Amino acid sequence: MSRVKDVLIAAVVLLLGRRGSGGRRREDERRIVAAGAPQRSAENLVLVLLALVTLCGVAFIAFYAIDRLGHQTQWLGLALGLAFGLLALACVVIARRLVVSEELSEPYSPVQHPEEQDAIEQIVEESGSRFTRRRLVKLAGAGAIGTLGLAALTPAASLGPVADVGRLGRSPWRRGRRLVDDAGKPLVAREIEKEAFYTAFPEGGDRELLGAPVVVVRTDAGVVAYSKVCTHAGCAIALYRKPTFAPTQPRPALVCPCHYSTFDPADDGKVLFGPAGRPLPQLPLLVDGDGNLRAAGDFNRRPGPSWSGVRQAGSRS
């Protein structure tokens, strides 16, 4: 085993801490490793580096939480990169300045001997004689590693709500709520053209909800609206297929460009092609006295990807 590897293993053991079964060794007991002189400056440097690691971990969590931060990805990478770099530097300082080391070359015995194992444990314990504030170093190391662990778990928050999973099924649509475009302008029924694709939102509703965006198209039977969220994996319905040569090509359809799930807007959002497991949820519509499109109620089925509604009627594997 190389010297560097031995030193790093000893450093980790010292940080984790170990107490011998016999308590403090008697002063007259023979040492295997010569006592090293205290290195307060190196110890202070390690404490500063571990504190900076902790700050970088906290910064990563803060940058992740502030989703409106400019160049967020770059800040996240900088915080995490500095954290690991500073942690590596702290380990190097411990190995080079705070662990008493020496080179020994001898063959390993094929048979294990308890006496030799005790001697190895004694060597590891005595190699940390330069530490004067072991508890403080251990606490700083635990804080740095713990903060990095929290930083690694932070992105899991993007998987969705944990405490209130019911938010995934909430819909902002109510009877009488107007359909508006991205700029807040109401959609007028007579202005919805054939072979055109419109995206609408609930007026005054929460646009961040899964069921908020809808697509609006005109079919032979009239104007219809469907959820913009594909029932396969939750991607956005962003394409409207229309036939160029009507006699030979299929009829118009809504298409998800991610995995090409295709839905029939003229037949209750039925799946025509692709991996989607159920039809698109349809939003019933009505036209008010001013000709504006309004919701006549909520969706006829729950919006969202199939994995959030696999037990619903109409789903298929």
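Let me start with the hairpin, which joins S3 to S4 through two residues, and I should say at once that what we have on the screen is a predicted model. The two strands on either side of that turn pair in the antiparallel sense, and the pairing of S3 with S4 runs over six bridges. If you want one contact to look for in the viewer, take Val214, whose bridge partner in S4 is Ser227. Strand S4 itself covers residues 222-227, and it is mostly covered, with five of its six residues buried.

From the hairpin we can move outwards in both directions. On one side, S3, which spans residues 214-219, is joined by three bridges to strand S2, residues 198-202, and these two strands run antiparallel. Within that pairing, Thr199 has Val215 as its bridge partner in S3. On the other side, S4 is joined to S9 by two bridges, again with the strands running antiparallel, and here Ala225 stands opposite Leu283 in S9.

So what is the order of the strands in the open sheet? Reading across, the five strands come in the order S1-S2-S3-S4-S9, with antiparallel pairing. The edges are strand S1, at 179-180, and strand S9, at 282-283, each of which pairs on one side only. As a general reminder, strands of a sheet pair through backbone hydrogen bonds, either parallel or antiparallel.

Next, the side chains, and I would like to begin with Arg207, since this residue takes part in two kinds of contact. The charged end of Arg207 sits over the ring of Phe201, at 4.5 Å from the ring centre. Arg207 also forms a salt bridge with Asp182, where the closest N and O atoms are 3.5 Å apart. Because Arg207 lies in the loop between S2 and S3 while Asp182 lies in the loop between S1 and S2, this pair ties together parts that are 25 residues apart in sequence. As for cover, Arg207 has a relative accessibility of 32% and so counts as partly exposed, whereas Asp182, at 60%, counts as exposed.

How many salt bridges does a search of the whole structure find? The search finds six, and I will go through two others besides the one at Arg207.

One of them is between Asp264 and Arg251, with the closest N and O atoms 2.3 Å apart. This pair links distant parts of the chain, with Asp264 in strand S7, residues 262-264, and Arg251 in the loop between S5 and strand S6, at 253-255, the two residues being 13 apart. Is Asp264 buried or exposed? At 0% relative accessibility, Asp264 counts as buried, while its partner Arg251, at 48%, counts as partly exposed.

The other is between Arg301 and Asp268, with the closest N and O atoms 2.8 Å apart. Arg301 lies in the segment after strand S11, at 293-295, and Asp268 in the loop between S7 and strand S8, at 270-273, so this pair ties together parts that are 33 residues apart in sequence. Asp268 is partly exposed, with a relative accessible area of 30%.

Turning to the rings, the count comes to three aromatic pairs, and I will describe two of them. In the pair of Phe63 and Trp75, the ring centres are 5.6 Å apart and the planes stand at 50 degrees, so the pair is tilted. Since Phe63 lies in helix H2, residues 40-65, and Trp75 in helix H3, residues 72-98, the pair ties together parts that are twelve residues apart in sequence. Trp75, at 39% relative accessibility, counts as partly exposed.

The other pair is Phe197 with Tyr240, where the centres are 6.5 Å apart and the planes at 35 degrees, so this pair is tilted as well. It links distant parts of the chain, with Phe197 in the loop between S1 and S2 and Tyr240 in strand S5, residues 239-241, which puts them 43 residues apart. Phe197 counts as partly exposed at 26% relative accessibility, whereas Tyr240, at 15%, counts as buried.

Last, a word on the surface. Which residues form the nonpolar patch? They are Val48, Leu52 and Leu55, with about 270 Å² of accessible area together. Of these, Leu52 is found in helix H2, and Leu52 is partly exposed, with a relative accessible area of 35%.

Note on methods. Residues are numbered from 1 along each chain as its sequence is written. This is a predicted model: local features need pLDDT of at least 70, side-chain atom pairs count only at pLDDT 80 or more; totals for chains, interfaces and linings use all residues. Side-chain values use heavy atoms; hydrogens and water are left out. Two strands pair if DSSP finds at least two bridges between them. Helices (H or I, at least four residues) and strands (E, at least two) are DSSP runs, numbered from the N terminus. Rings of Phe, Tyr and Trp (its six-membered ring) pair if their centres lie within 6.5 Å; planes under 30 degrees apart count as stacked, over 60 as edge-to-face and the rest as tilted. Buried means under 20% relative accessible area, exposed over 50%, partly exposed in between (1.4 Å probe, protein chains only). A charge sits over a ring if NZ of Lys or CZ of Arg is within 6 Å of the ring centre and within 35 degrees of the ring normal. Patches are made of residues with over 30% relative accessible area and no salt bridge: like charges are joined within 9 Å, nonpolar side chains (Val, Leu, Ile, Met, Phe, Trp, Tyr) within 5 Å. Accessible areas come from the Shrake-Rupley method with a 1.4 Å probe; for residues, only the protein chains shown count as cover. A salt bridge is a side-chain nitrogen of Lys or Arg within 4 Å of a carboxyl oxygen of Asp or Glu.
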